[in-house]
Amino acid sequence: MKLNSYLCKRIKIENNKMQRIPTCKEDVGILSILHVKFKRYIMAYMSQEGYDKLVAELQRLESVERPKASAAIAEARDKGDLSENSEYDAAKEAQAKLENKINEMKATLAEAKIIDTSRLSADSVQILTKVEMTNLTTKAKMAYTIVSESEANLREGKISITTPIAQGLLNHKVGDEVEIKIPRGTIKLRIDNISI
């Protein structure tokens with residue numbers, strides 16, 4: 001499957017700088033690669049609480065999980081021939097995943113911008129606002145706080161600003177009725193209250 005030339009502007013990332021390179025005629029796979037590379041360069045707006053939680057989790061991974069991973073590799077290495085040692089391979093793979101997670105967290109923290117909640121307004125829906133709404137089809141009431149991707153936790157009623165529901169609610173005011181496309185179809189919501 002070929003991409004249209006206007007969709008296929010490739011970006012080359014070197015020395016933490018993005019550069020546009022000539023139009024390509026490669027397959028869709030390039031978009032997946034670019035998405036992964038761009039994801040780490042997106043600025044993350046978050047609350048002070050979310051930033052502090054991310055820092056604490058990073059410290060836990062570096063001080064507790066990283067030594068565990070190293071110990072697991074050392075233990076597996078002591079069991080003999082590395083070419084036929086599946087425990088060693090599994091431990092190395094687990095360590096690689098852990099290091100990737102640590103690097104992603106560091107990149108997120110480096111790009112994080114903490115939002116001053118005292119400067120937010122409850123006039124319209126925006127990041128860090130709590131939105132109470134009614135599903136006009138089922139008459140079910142729900143409330144979500146719109147947060148950054150790293151702070152999202154559905155059990156706590158926090159949804160990522162990148163979700164379709166959050167995107168559909170942004171900049172709307174109390175009383176607005178909004179139709180939002182979600183993976184299962186379309187929902188119609190009425191905004192009942194906005195608070196910080």
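**Note on the mixed sheet, helix 2 and two positive phi values**

1. In this predicted model, a useful place to begin is a single pair of residues, glutamate 132 and alanine 143, which are bridge partners, with alanine 143 belonging to strand 6. The wider pairing around them joins strand 5, residues 130-135, to strand 6, residues 141-147, and these strands run in the antiparallel sense over 5 bridges. As background for a first reading, strands of a sheet pair through backbone hydrogen bonds, and this can happen in a parallel or an antiparallel way.

2. Strands 5 and 6 belong to an open sheet of 5 strands, whose order is 7-6-5-9-8 and whose pairing is mixed. At the edges of this sheet are strand 7 (158-160) and strand 8 (177-182), each of which pairs on one side only. When direction is ignored, neighbouring strands of the sheet are turned against each other by 45° on average.

3. Is threonine 134, a residue of strand 5, buried or exposed? Threonine 134 counts as buried, because its relative accessibility is 4%, and the cut-off for that word is under 20%. Its side chain is joined to the side chain of aspartate 192 by a polar contact of 2.5 Å. Leaving aside residues up to four places away in sequence, threonine 134 touches Lys139, Ala140, Lys141, Lys188, Leu189, Arg190 and Asp192.

4. Lysine 141, which lies in strand 6, has a side chain that makes a polar contact of 3.3 Å with the side chain of threonine 134. Lysine 141 is nevertheless classed as exposed, because its relative accessibility is 63%, where exposed means over 50%. Its contacts, again without residues up to four places away in sequence, are Met133, Thr134, Arg190 and Asp192. One of these deserves a second look, since lysine 141 and arginine 190 are separated by 49 residues in sequence while their C-alpha atoms are 9.6 Å apart in space.

5. Two residues call for care when their backbone angles are read, and the background is that most residues other than glycine have a negative phi. Leucine 128, in the loop between strand 4 (112-114) and strand 5, has a positive phi of about 70° although it is not a glycine. Lysine 139, in the loop between strand 5 and strand 6, also has a positive phi, near 65°, and is likewise a residue other than glycine. Their surroundings can be set side by side: leucine 128 counts as buried at 11% relative accessibility, whereas lysine 139 is exposed, with a relative accessible area of 58%.

6. Helix 2, residues 48-77, should be described with its bend in mind. This helix has 30 residues and reaches 42 Å from its first C-alpha to its last, which is close to the 44 Å expected at 1.5 Å a residue. Where in helix 2 does the kink lie? The kink, of about 35°, is at glutamate 65, shortly before proline 67.

7. The buried residues of helix 2 are Gly50, Leu54, Leu58, Leu61, Ala69, Ile73 and Ala76. What covers these buried residues includes strand 3 (44-46) and helix 3 (86-111), and a reader can trace both elements in the structure above.

How values were computed
Residues numbered from 1 in each chain as written. Predicted model: local features only at pLDDT ≥ 70, side-chain atom pairs only at ≥ 80, totals over all residues. Heavy atoms only, no water. Pairing = 2+ DSSP bridges. Helix = DSSP H or I, 4+ residues; strand = E, 2+ residues; numbered from the N terminus. Axes fitted to C-alpha atoms, helices over the stretch in contact; angles between N-to-C directions. Buried < 20%, exposed > 50% of the residue type's maximum accessible area, 1.4 Å probe, protein only. Polar contact = N/O pair within 3.5 Å; in protein donor to acceptor, adjacent residues only side chain to side chain. Contact = heavy atoms within 4.5 Å. Expected span 1.5 Å × (residues − 1). Bend = angle between axes of the 7 residues up to and from the residue.
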